[in-house]
Amino acid sequence: MIKSSRTSLLRASRFITRPNNASAFIGSIRTKYSLPTLDYELDALEPHISGQINDLHYNKHHKTYVDNLNKSIEAAVEAKSKGEIKKLIALQKALNFNGGGYVNHCLWWKNLAPQSAGGGHKPSDDSPLGKQIIKQFGSVDKLIEITNGKLAGIQGSGWAFIVKNKENGGAIEVITTANQDTVSDVNLVPLIAIDAWEHAYYLQYQNVKADYFKALWNVINWKEAERRFEF
Ligand SMILES: [Fe+2]
């Protein structure tokens with residue numbers, strides 16, 4: 001079921017900015033965005049993230065962002081062709097929300113891995129990412145503690161990102177965004193994206209989101225973070 005989607009994460013560009021088949025437009029025919037293919041089964045992150053949550057999160061929530069992003073783009077293309085500037089401006093919020101929802105969740109799924117596939121396995125001290133983390137934070141655990149503090153501080157829905165700042169000598173930073181806002185600064189390379197929306201945890205952790213923030217590090221795909229750190 002989850003292997004059926006056609007899009008491969010981080011394939012056409014570094015951070016999932018293009019629809020299928022690389023080219024956004026072929027003449028007047030535009031290819032559409034679609035759900036990414038997952039590298040694991042939906043229940044493979046248990047007991048830390050339940051299969052039920054992943055099923056709803058992937059097949060309902062992420063799918064909705066995909067569908068609404070495609071609708072927003074179609075509406076924008078039509079508005080542009082008709083010279084409807086006010087409509088184009090009005091569509092920016094929908095493009096930002098659904099485009100961010102699409103990109104953030106693509107990062108999210110790739111940021112996770114079953115423990116049997118290396119999930120939760122922290123970068124070694126002598127890896128480029130491990131060295132940078134130790135230099136700045138002293139340990140991976142300290143970076144996790146700081147990230148969890150930022151996650152706890154998110155009011156309402158949002159995301160936390162561990163990023164590499166290319167403008168600041170490749171320093172690692174932890175930032176948060178509201179709603180589905182994504183990391184749009186081209187100098188910031190998202191290494192890890194963490195979903196702090198209730199739909200990501202409530203069925204399993206109810207109101208105790210601190211337990212979710214603590215548990216998810218058991219299935220974080222640090223290998224993917226190390227790969228992105230090389231960009
Ligand atoms: Fe989500």
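**Figure 1. Pro-47 sits in the loop that runs from strand S2 (29-30) to helix H1.** Helices here are DSSP runs of H or I with at least four residues, and strands are runs of E with at least two, numbered from the N terminus. Have a look at the bond just before this proline: Glu-46 and Pro-47 are joined by a cis peptide bond, with omega at about 5 degrees. What you are viewing is a predicted model, in which local features need pLDDT of at least 70, side-chain atom pairs count only at pLDDT 80 or more, and totals for chains, interfaces and linings use all residues. Residues are numbered from 1 along each chain as its sequence is written.

**Figure 2. The whole chain, for orientation, has 8 helices and 5 strands.** Following the sequence, you meet these elements in the pattern β-β-α-α-α-α-α-β-β-β-α-α-α. The chain has 231 residues, and 32% of them count as buried (20 or more other C-beta atoms within 10 Å of the residue's own; exposed means 12 or fewer, partly exposed anything in between, with C-beta atoms placed from the backbone). Among contacts with a separation of 6 or more, 66% link residues 24 or more positions apart; two residues are in contact if their C-beta atoms, placed from the backbone, lie within 7 Å.

**Figure 3. Helix H1 (residues 51-81) and helix H3 (residues 92-110) cross at roughly 140 degrees, their axes coming within 8 Å.** The axes are lines fitted to C-alpha atoms over the stretch in contact, and angles run from 0 to 180 degrees between N-to-C directions. H1 and H3 are therefore oblique to each other (under 35 degrees is roughly parallel, over 145 roughly antiparallel, 65 to 115 roughly perpendicular, and the rest oblique). The crossing of H1 and H3 is left-handed, that is, the near helix is turned anticlockwise from the far one by less than a right angle. On the H1 side, the contact is built from His-62, Tyr-65, Val-66, Asn-68, Leu-69, Ser-72 and Ala-76, and H3 contributes Ala-94, Leu-95, Asn-98, Gly-99, Gly-101, Tyr-102 and His-105. Sorted by class, the H1 and H3 contact holds 7 nonpolar, 7 polar and no charged residues (nonpolar: Ala, Val, Leu, Ile, Met, Phe, Trp, Tyr, Cys and Pro; charged: Asp, Glu, Lys and Arg; polar: the others, Gly among them).

**Figure 4. Tyr-65, in helix H1, reaches several residues of the H1 and H3 contact.** Setting aside residues up to four places away in sequence, Tyr-65 touches Asn-98, Gly-101, Tyr-102 and His-105. Tyr-65 is buried, with 22 other C-beta atoms within 10 Å. Between Tyr-65 and Gly-100 there are 8.4 Å from C-alpha to C-alpha, for a sequence separation of 35 residues.

**Figure 5. His-57, His-105, Asp-195 and His-199 carry the UniProt annotation "binding site" in an unreviewed entry.** UniProt positions follow the numbering used here, feature names are shortened, and annotations may be inferred rather than shown by experiment. The four residues spread over 143 residues of sequence yet cluster in space, with a largest C-alpha distance of 12.1 Å. Helix H1 holds His-57, which is buried, having 23 other C-beta atoms within 10 Å. Beyond four places in sequence, His-57 touches His-62, His-199 and Ala-200. Helix H3 holds His-105, also a buried residue, with 27 other C-beta atoms within 10 Å. Its contacts outside four places in sequence are His-62 and Tyr-65.

**Figure 6. Asn-179 and Gln-206 are two loop residues worth a backbone check.** Asn-179 lies in the loop between strand S4 (171-178) and strand S5 (188-195). Though not a glycine, Asn-179 has a positive phi of about 55 degrees. This asparagine is partly exposed, with 15 C-beta neighbours inside 10 Å. Gln-206, in the loop between helix H6 (202-205) and helix H7 (209-215), is not a glycine either and has a positive phi of about 45 degrees. With 11 C-beta neighbours inside 10 Å, Gln-206 counts as exposed.

**Figure 7. Ala-152, in helix H5 (residues 140-152), is in contact with Ala-210 and Phe-213, leaving aside neighbours within four places in sequence.** The C-alpha atoms of Ala-152 and Ala-210 are 7.0 Å apart, across 58 residues of the chain. Ala-152 counts as exposed, with 12 C-beta neighbours inside 10 Å.
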